[in-house]
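Have a look at the chain below before reading on. These notes walk through its overall build and then a few local spots.

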Amino acid sequence: MRDWLPAEAAALSVLARRVLGSCEEFGYQRVTVPAFEYAEVLERGLGALDPTEVLRFVEPETGEIVALRPDMTPQIARLTASRLGDRPLPARIAYEGSVVRLRRERARRRRQIPQAGAELIGAHAPEGDREVLEVCVASVRSAGLSDFVLDLSHARVAGALLEEAAPQVRTGLIEALSVRDPALVRQRASRASLSHATARALGNLVDLAGGPEVLSRAEQLLASTAAAAGVRSLRSMVDWVAEQGLAPRLFVDCADVRHLAYYTGTLFQILAEGPGEPVASGGRYDNLLARFGPAWPAAGFAVDLDNLAWAVGSDARAATEGVVLSGAAADELAKLAAGLRERGVRAVCSESGEAYARGWGFTHHVHLGGADRVIALATGHVVSLSGGSSAERAERIAAVLKQSRGGVGDGE
């Protein structure tokens, strides 16, 4: 678990607002769900997670087993099925909050993961997949991420081939595919009592990853196998993404075996320089809602706000924009501060002036008395405030901050 200091918390708050704001533009409405949930509810929908990642405990008053949520999608499924089931479909739901997972990576052991995301419940493929992918890409772009890789795959490529394997050997095949070892895949496939066509197809999967051009080879190599339908669906999605110009770079992966017990169709990840983990991920999970009642199709995505902040860089200036006022009588400063707040500018009065502003991450210092001026702390540029009423000076200061946001250098 962790604390977020003011600059970090402000940056995450800005990113969450941008992601959710983008979702709202597509008609998604925000809900809030509890930080912990009955373990039985979560376990119904934990196909995408290792159960050992879930932190469980006993609720003292009832003796029920509850858990800190490791994923919000099962909660959204429960909420939609039980509380929103009488509304017309599809349901467009957005959310934001932290999940908790017992992560065991050596380098990054943070267990509290801030997320924002959306779920589209009641919409079939391919239209629903396209909408979810469009919303996800728009949300990370709105947060400032322009350079990224969109990784596309489909659960019914590797998943369809693996269905022929007995459960006791399927795990070994999934492990070999996940580590991208073609020799190990072929070795285990040869021992799995599979048809010749399926064993050969599994052995070819690892090499079917790369740019969109790999789909032509996949269509040839997998044409007569159970994976053919999944390849056709993946081709349709890749072609649509290319037509829309949705991503600057596209990666196609026919060997993806992530969360096959959970996802049923299109899967995607957004990858960017820095985090080493996906900035966002999602896909189609048509079997989840049936565990809570209605067998509605569904797709969704989650944005890891920590990873997104890492990828876009900490925009401390935007996140902590505001002014510190000093140098005049207290009543004069208070009046000017009130005028600034009316114009949406964060304003604080402090005798420490610039030292206070720098210490608490404000972007500008306003000094009154003698030569009234606005100082941009990041650049040192100064703008004169030549007389005028308190309202006129507040308007001028607000204009300086607006100009600074637009990337125009403050003139002296």
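What follows goes from the whole protein down to single helices, backbone oddities and a few residues.

## The whole chain

This is a predicted model, in which local features need pLDDT of at least 70 and side-chain atom pairs count only at pLDDT 80 or more, while totals for chains, interfaces and linings use all residues. Residues are numbered from 1 along each chain as its sequence is written, and side-chain values use heavy atoms, with hydrogens and water left out.

The protein's secondary structure adds up to 15 helices and 17 strands. Helices here are DSSP runs of H or I with at least four residues, strands are runs of E with at least two, and both are numbered from the N terminus. Measure-wise, the C-alpha trace spans about 90 × 55 × 45 Å along its principal axes. Of the 412 residues, 49% count as buried; buried means under 20% relative accessible area, exposed means over 50%, and partly exposed is in between, using a 1.4 Å probe and protein chains only. As for contacts (heavy atoms within 4.5 Å), take those with a separation of 6 or more: residues 24 or more positions apart account for 67% of them.

## Helix α6 and what comes after it

Take α6 (167-178) next. Its twelve residues reach 17 Å from the first C-alpha to the last, close to the 16 Å expected at 1.5 Å a residue. That expected span is 1.5 Å times one less than the number of residues. Gly172, Leu173, Ala176 and Leu177 are the buried residues of α6. Looking down the helix axis, these buried residues fall within an arc of 140 degrees, so they line one face of the helix; the arc is that of the directions from the helix axis to the C-beta atoms. What do they pack against? The buried residues of α6 pack against α5 (155-162), α7 and α8. Over on the other side of α6, Pro167, Gln168 and Thr171 are exposed.

α6 is followed by Arg180, which has a positive phi near 60 degrees. Arg180 sits in the loop between α6 and α7 (182-190), and it counts as partly exposed because its relative accessibility is 35%.

In the loop between α5 and α6 you'll find Glu163. Neighbours within four places in sequence aside, Glu163 is in contact with Arg156 and Arg170. Its C-alpha is separated by 35 Å from that of Phe57, 106 residues apart along the chain.

## Backbone oddities

Some background first: most residues other than glycine have a negative phi, and most peptide bonds are trans. Here are the spots in this model that go the other way.

| Site | Backbone value | Location |
|---|---|---|
| Leu89 to Pro90 | cis, omega near 5 degrees | Pro90: loop between α3 (73-83) and β5 (91-100) |
| Ala125 to Pro126 | cis, omega about 0 degrees | Pro126: loop between β6 (112-121) and α4 (127-142) |
| Arg180 | positive phi, about 60 degrees | loop between α6 and α7 |
| Ser193 | positive phi, near 55 degrees | loop between α7 and α8 (196-205) |

Ser193 counts as exposed because its relative accessible area is 70%.

Ala125 also turns up in a distance pair: Gln187 and Ala125 are 62 residues apart in sequence and 35 Å apart in space, C-alpha to C-alpha. Gln187 is in helix α7, and at 36% relative accessibility it is partly exposed.

## The α9/α10 pair

How do α9 and α10 run relative to each other, roughly parallel or roughly antiparallel? The axes of α9 (residues 214-221) and α10 (residues 228-244) come within 10 Å and cross at roughly 160 degrees, with axes being lines fitted to C-alpha atoms, for helices over the stretch in contact, and angles running from 0 to 180 degrees between N-to-C directions. The two helices are therefore roughly antiparallel, a label for angles over 145 degrees (under 35 is roughly parallel, 65 to 115 roughly perpendicular, and the rest oblique). The contact is made by Leu215, Ser216, Ala218 and Glu219 of α9 and Val231, Leu234, Arg235 and Val238 of α10.

## A buried glutamine

Finally, there's Gln115 in strand β6. Gln115 is buried, with a relative accessible area of 6%. Apart from neighbours within four places in sequence, the residues in contact with Gln115 include Met72, Tyr95, Glu96, Ala302 and Leu305.
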